[in-house]
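Colleague: I have a model open and some questions about how the chain holds its ligands. Can we go through them one by one?

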Amino acid sequence: MKYIINILAFILFFIGCASENGNRMSLDETELGLRSASLYSENVNLKEFTYSTTPAGESIVIERAYENAPPMIPHDVEGMLDITKEYNACIDCHSRENAPLMNATPVPLSHTYDTFKDEQTNAIVDIRYNCNLCHTPQANVKPIVGNNFKPDFRDQNSKNKSNLLEILDEGVK
Ligand code: HEC
Ligand code: HEC
């Protein structure tokens, strides 16, 4: 009896392997990603593109991708990057003190909130210092892969305003 069970298990194992191979979608590694080139090649021809050259103060803000998404940078960032430990040009214009003078959007309260100590501070907290971790300039290029995601804004204001800190605990008891 034990012998028959072993043979059966053996046959089933092979059937399993065969059908797995039959169904497997195999992709060659040169077909991965959007670069259409071997993963080992550094000679990839990127499409020509330029970032916005409209100076800060003259650009038109871009509608948020979804409610409380980090807004994209609508203006030229020439000379403002890289952000270093010593200097962050973004803060010069976007800090809550300077923004009204520069006519720029002030950083929201979530950016000055110390989540470790659970208290509001009066300066941009370290974890928000590297602005371009989340906010990126945009180039006018057609996406290679289409996307039909449609954001659902609960409030029309949230298309160009954020309120993350106020609603952060929503649904939490
Ligand atoms: C010289 C001042 C200035 C500097 C420096 C600056 N900005 Fe701005 N930024 C503005 C102004 C003004 C606007 C509003 C749009 C406009 O008038 O061009 C703006 C808009 C934005 C917006 C869009 C806000 C929204 O409500 O949609 C983001 C995001 C942004 N800036 C991020 C940055 C980042 C990140 C940096 C640093 C790389 C930076 N800015 C540097 C002045 C500045
Ligand atoms: C960890 C990601 C992250 C970093 C880093 C970050 N932001 Fe944001 N930012 C967000 C998100 C998400 C929002 C929208 C939700 C919110 O927080 O209110 C936002 C919103 C904003 C807004 C729009 C405010 C409004 O009233 O609608 C401005 C301006 C902004 N950030 C500027 C900056 C600047 C300048 C820095 C660097 C000093 C920075 N951010 C760093 C994620 C980030």
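Colleague: Which protein atoms are the donors of the iron atom of ligand 1?
Modeller: This is a predicted model, and all values are computed from it. Two protein donors lie 2.0 to 2.1 Å from the iron atom of ligand 1. They are His-75 (NE2) and His-94 (NE2).

Colleague: Where in the chain do His-75 and His-94 sit, and how many residues apart are they?
Modeller: His-75 is in the loop between helix 1 and helix 2. His-94 is in helix 2. The pair links distant parts of the chain, with a separation of 19 residues.

Colleague: What is the geometry of the site of the iron atom of ligand 1?
Modeller: The iron atom has six donor atoms. The angles among them run from 87 to 179°. That makes the site octahedral.

Colleague: Is His-75 buried or exposed?
Modeller: The cut-off for buried is under 20% relative accessible area. His-75 has 13% relative accessibility. So His-75 counts as buried.

Colleague: And what is the class of His-94, given its relative accessible area?
Modeller: The relative accessible area of His-94 is 25%. Residues between the buried limit of 20% and the exposed limit of 50% form the middle class. His-94 is therefore partly exposed.

Colleague: Which element gives the largest share of the shell around ligand 1?
Modeller: The shell has 23 residues, and the closest are Ser-59, His-75, Cys-90, Cys-93 and His-94. By type they divide into 14 nonpolar, seven polar and two charged. The largest share is four residues, and it comes from helix 2.

Colleague: Which residue has a side-chain N or O atom 3.4 Å from an oxygen atom of ligand 1?
Modeller: Glu-58 uses a backbone N or O atom, 3.5 Å from a ligand oxygen, which leaves the side-chain contact to another residue. The side chain there belongs to Thr-105.

Colleague: Now ligand 2. Which protein atoms are the donors of its iron atom?
Modeller: Six donor atoms surround this iron, with angles of 87 to 178°, and the site is octahedral. The protein donors lie 2.0 Å from the iron. They are His-111 (NE2) and His-135 (NE2).

Colleague: How many residues apart in sequence are the parts tied together by His-111 and His-135?
Modeller: His-111 lies in the loop between helix 3 (99-102) and strand 1 (113-114). His-135 lies in the loop between strand 2 (119-120) and helix 4 (164-167). Both residues are buried. The pair ties together parts whose separation in sequence is 24 residues.

Colleague: Which residue's side chain has an N or O atom 2.6 Å from an oxygen atom of ligand 2?
Modeller: Ser-162 has a polar side-chain atom 2.7 Å from a ligand oxygen. Leu-164 uses a backbone N or O atom, at 3.5 Å. The 2.6 Å contact comes from the side chain of Ser-110.

Colleague: Which helix gives the most to the shell around ligand 2?
Modeller: The shell has 25 residues. They divide into 14 nonpolar, eight polar and three charged. With three residues, the top contributor is helix 2 (residues 89-94).

Colleague: On to charges. Which residue forms a salt bridge with Glu-67?
Modeller: Side chains of opposite charge can pair when their charged atoms come close. The closest N and O atoms of the Glu-67 pair are 2.6 Å apart. The pair ties together parts 87 residues apart in sequence. The partner is Arg-154.

Colleague: Which residues are joined into one network by shared salt-bridge partners?
Modeller: Arg-154 also meets Glu-170 in a salt bridge, at 3.0 Å. Arg-154 is in the loop between strand 2 and helix 4, and Glu-170 is in the segment after helix 4. The network joins Glu-67, Arg-154 and Glu-170.

Colleague: Which peptide bond is cis, with omega near 5°?
Modeller: Most peptide bonds are trans. The cis bond leads into Asp-82, which lies in the loop between helix 1 and helix 2. The bond runs from Leu-81 to Asp-82.

Colleague: Which residue in the loop between helix 3 and strand 1 has phi near 60°?
Modeller: Most residues other than glycine have a negative phi. Here phi is positive in a residue other than glycine. The residue is exposed, with a relative accessible area of 75%. It is Asn-103.

Key. Residues numbered from 1 in each chain as written. Chains lettered and ligands numbered in written order. Predicted model: local features only at pLDDT ≥ 70, side-chain atom pairs only at ≥ 80, totals over all residues. Heavy atoms only, no water. Near = heavy atom within 4 Å. Polar contact = N/O pair within 3.5 Å; in protein donor to acceptor, adjacent residues only side chain to side chain. Helix = DSSP H or I, 4+ residues; strand = E, 2+ residues; numbered from the N terminus. Nonpolar A, V, L, I, M, F, W, Y, C, P; charged D, E, K, R; others polar. Donors = N, O, S within 2.8 Å, 3.2 Å for Na, K, Ca; no water. Tetrahedral: all angles 85-135°; square planar, octahedral: opposite > 155°, others 65-115°. Buried < 20%, exposed > 50% of the residue type's maximum accessible area, 1.4 Å probe, protein only. Salt bridge = Lys/Arg side-chain N within 4 Å of Asp/Glu carboxyl O.
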